[in-house]
Structures are given as structure tokens and as C-alpha cells.
Amino acid sequence: MTKQYFAKGLFSNKQVVITGAGRGIGAAVARAMHNDGAVVTAHLGREQSSHQWTFPADSDTHVNTVCADLATLEGVEQTADYINSQCPHVDVLIHNAGTMLGRVPLDSMTAEHYADVTNLNSRSVVLLTTKLLPLLKLSNAASIINVSSISAATGGSAGSSMYSAAKGFISTYTRSLATELAPHGIRANAISPGTIDTDFHQRYSSAEKLAATAASTPLKRLGTAEDCVPACLFLASAELSGFITGQIIGVNGGTSYV
Ligand code: NAD
């Protein structure tokens with residue numbers, strides 16, 4: 001069930017772009033923005049079959065969707081072209097698409113795995129941001145939200161070194177964006193989720209690992225996709241967080257890393 005959040009019209013008619021919105025954290029955030037009145041241009045995932053978001057009617061002029069593989073240069077280009085064709089400007093840009101692409105121990109690391117993980121989790125964020133800057137500058141108070149990870153700070157668990165390093169890049173890049181884009185009135189922040197119970201961990205973590213993580217989390221549970229929504233609404237809204245930029249907000253049940 002979709003929760004009703006506190007936004008109460010803060011996003012009414014705002015142009016919101018979000019990647020990886022077909023399921024998990026991205027779908028929860030996209031739904032909340034849409035329910036609050038935003039015009040949501042949603043990159044869903046690599047292909048149609050990868051999404052689980054149940055959409056409002058096709059006739060709903062407040063949702064535009066595109067699918068493309070963001071690990072490829074063509075996919076980034078296609079997504080940027082689509083957004084450019086749909087949005088008069090961009091008020092909120094949320095880079096959420098990403099994943100681990102398997103656990104690879106350090107002694108089995110390959111150039112191919114390094115490229116695959118970084119192309120998706122960091123290169124796509126850099127290129128899409130660059131391509132959308134003209135639309136962001138047309139907003140009078142744009143907000144970029146990147147989705148980093150607790151593993152950016154901890155280094156992650158075994159086999160996730162490339163993914164964790166790519167997310168470390170995202171945290172640092174967020175701070176660079178904040179400084180360089182401040183003169184344009186564009187804020188840039190990130191959320192840094194802890195372990196959130198989505199498809200991600202169905203693929204990459206055992207039930208035992210997840211139970212151990214929940215037990216070691218101060219709030220004694222895993223997060224949900226919905227847990228990530230309020231931090232995104234807060235960072236997206238200039239009314240709520242207009243003097244906040246370059247920050248990484250942990251959504252992790254009390255684990256002390258961001
Ligand atoms: P998820 O697997 O449910 O969602 C990932 C989204 O990214 C999906 O919409 C998927 O289609 C999209 N995606 C994956 N590969 C893609 C590709 N090649 N091209 C285009 N789109 C692609 O997982 P989630 O937990 O909702 O993850 C969302 C974000 O949160 C990711 O960036 C992930 O790294 C990050 N994150 C998740 C956790 C967690 O514990 N679940 C923790 C920290 C950070």
C-alpha cells in the first residue's frame with residue numbers, strides 16, 4: 001500500500017526525473033512524488049519487464065516513462081534525449097538506478113567487472129547529470145539527489161568492492177556538484193541507504209546475512225523502500241531543505257556510517 005506523506009502539494013506540478021523507478025526504492029519515491037502532484041518522468045529500468053511499478057492510467061499526463069540500459073553510452077543518450085523531449089525544465093533529478101552486478105572476490109577481479117559496475121553506478125550519473133544541466137538551470141531551485149550507499153563508507157561486505165567504490169565516487173561527486181552548481185541555485189545531496197529489503201538483496205544476500213544485519217542494526221530491522229522516501233522528499237524540496245547542499249543523509253536504522 002502506498003503511504004501518504006507529509007508533502008501535501010509541495011511537489012505540485014514540479015518536474016521530477018528519477019532513474020531506476022520501476023521497482024524498489026525508485027518506485028516508492030516516484031509514487032510519493034506523483035501522489036503529491038509532481039509531473040514524473042521515470043526511467044524505469046533496462047527493459048519493460050524489469051519494472052513492477054503499477055502505473056496510473058496511460059492517459060495520466062503526469063507520468064512519462066522510458067526504459068534503457070544505463071550501463072551503456074547509448075542508453076544514457078536515449079534517456080537524456082527522452083527527458084529533453086518531455087521536460088520543459090527539471091526541478092528534481094534523482095539518480096537511483098544501480099546495482100551490484102554480482103559478488104566478485106578481490107582475487108577474481110576483472111577489468112570487465114570493474115567497467116560494468118562503474119559504467120552503471122557512476123559513469124551514468126556523471127553523464128546524465130551533464131546532459132541535463134541545461135534543464136536543471138532552467139528551474140529556479142533545482143535539487144539533485146544521488147543514491148549512494150552505506151558501503152561507500154564501510155567498503156561493503158565481501159565481493160562488493162567495485163560496487164562500494166563506485167558508490168564512494170557518488171558520495172564525493174555529490175559534494176563536488178554541490179560546490180560547483182551552487183552559483184546556479186542548484187543543490188546536490190545524496191541519501192545513503194543501509195540494508196534495504198528490495199530485489200537487490202534477494203539477488204545478492206543470503207537470508208542468514210540479512211538476519212545478521214538486522215540483528216546488528218540499532219533499530220533491529222532492515223529498511224524498506226518506503227523508509228527512503230521521506231529523506232528524498234525532504235532533500236527534493238527547496239521549502240524544506242533550501243539551505244542544505246553537499247550532504248549525505250544515512251537511512252540506515254542507526255548504523256553510524258554514511
Ligand atoms: P532494485 O534492484 O530493486 O532497483 C534497482 C533499479 O535500478 C531497478 O529499477 C533496476 O531496473 C535499475 N537498474 C539496474 N540495472 C540497470 C541498468 N543496467 N540500466 C538501467 N537501470 C538499471 O534495488 P534498490 O534497492 O531499489 O536500489 C536502488 C538504488 O539504491 C541503487 O542505486 C542501489 O545501489 C541503492 N542502494 C540500495 C541498497 C539496498 O540495501 N537495497 C543499499 C544502498 C544503496
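Start by selecting the ligand together with His-201, where an N or O atom in the side chain of His-201 is 2.7 Å from an oxygen atom of the ligand. As you look around, keep in mind that this is a predicted model.

Keep the ligand displayed and add Lys-167, whose side chain has an N or O atom 2.9 Å from an oxygen atom of the ligand. Then bring in Gly-194, and this time show the backbone, because the pair to look for there is defined by N or O atoms in general: a backbone N or O atom of Gly-194 lies 3.2 Å from an oxygen atom of the ligand. If you now switch on a surface, you can see how the protein covers 96% of the 820 Å² of accessible area that the ligand has on its own.

The next selection is the whole shell, in which 30 residues surround the ligand, the closest being Asn-96, Tyr-163, Ile-196, Thr-198 and His-201. Colouring this shell by residue class will give you 11 nonpolar, 14 polar and 5 charged residues. Which helices each supply at least two residues of this shell? They are H1, helix H5 (161-181) and helix H6 (199-204), and among the contributors H6 gives the most, with 3 residues.

From the ligand, move to helix H8, which spans residues 229-236, and ask whether its residues are mostly buried or exposed. Since 6 of its 8 residues are buried, H8 is largely enclosed by the rest of the structure. The buried residues to highlight in H8 are Val-229, Ala-231, Cys-232, Leu-233, Leu-235 and Ala-236. To see what surrounds them, display helix H1 (24-35) and helix H9 (238-241) along with the strands E4 (92-95), E5 (143-147), E6 (187-193) and E7 (248-251), against which the buried residues of H8 pack.

The last part of the tour follows the salt bridges, of which the structure holds 5. Select Glu-226 and Arg-31, whose side chains meet in a salt bridge at 3.9 Å, N to O. This pair links distant parts of the chain, with Glu-226 in the loop between helix H7 (207-216) and H8, and Arg-31 in helix H1, 195 residues apart. Glu-226 counts as buried because its relative accessibility is 16%, whereas Arg-31, at 22%, counts as partly exposed; the cut-off for buried is under 20%.

Go next to Glu-77 and Lys-131, where the side chains meet in a salt bridge at 3.1 Å, N to O. Here too distant parts of the chain are linked, as Glu-77 is in helix H2 (residues 73-86) and Lys-131 in helix H3 (residues 111-137), 54 residues apart. Glu-77 counts as partly exposed at 37% relative accessibility, and Lys-131 is likewise partly exposed, with a relative accessible area of 30%.

A further pair to select is Asp-227 and Arg-221, which form a salt bridge with their closest N and O atoms 2.8 Å apart. Asp-227 counts as partly exposed at 25% relative accessibility, and Arg-221 counts as partly exposed at 43%. Finish by showing Arg-23, Asp-199 and Arg-203 together, since these residues are linked in a network of salt bridges.

Terms used
Residues are numbered from 1 along each chain as its sequence is written. This is a predicted model: local features need pLDDT of at least 70, side-chain atom pairs count only at pLDDT 80 or more; totals for chains, interfaces and linings use all residues. Side-chain values use heavy atoms; hydrogens and water are left out. Buried means under 20% relative accessible area, exposed over 50%, partly exposed in between (1.4 Å probe, protein chains only). Helices (H or I, at least four residues) and strands (E, at least two) are DSSP runs, numbered from the N terminus. Contact means heavy atoms within 4.5 Å. A residue is near a molecule or strand if one of its heavy atoms lies within 4 Å of it. A polar contact is a pair of N or O atoms within 3.5 Å; within protein, one must be able to donate a hydrogen and the other to accept it, and residues adjacent in sequence count only if both atoms are side-chain atoms. Accessible areas come from the Shrake-Rupley method with a 1.4 Å probe; for residues, only the protein chains shown count as cover. Ala, Val, Leu, Ile, Met, Phe, Trp, Tyr, Cys and Pro count as nonpolar, Asp, Glu, Lys and Arg as charged, and the others, Gly among them, as polar. A salt bridge is a side-chain nitrogen of Lys or Arg within 4 Å of a carboxyl oxygen of Asp or Glu.
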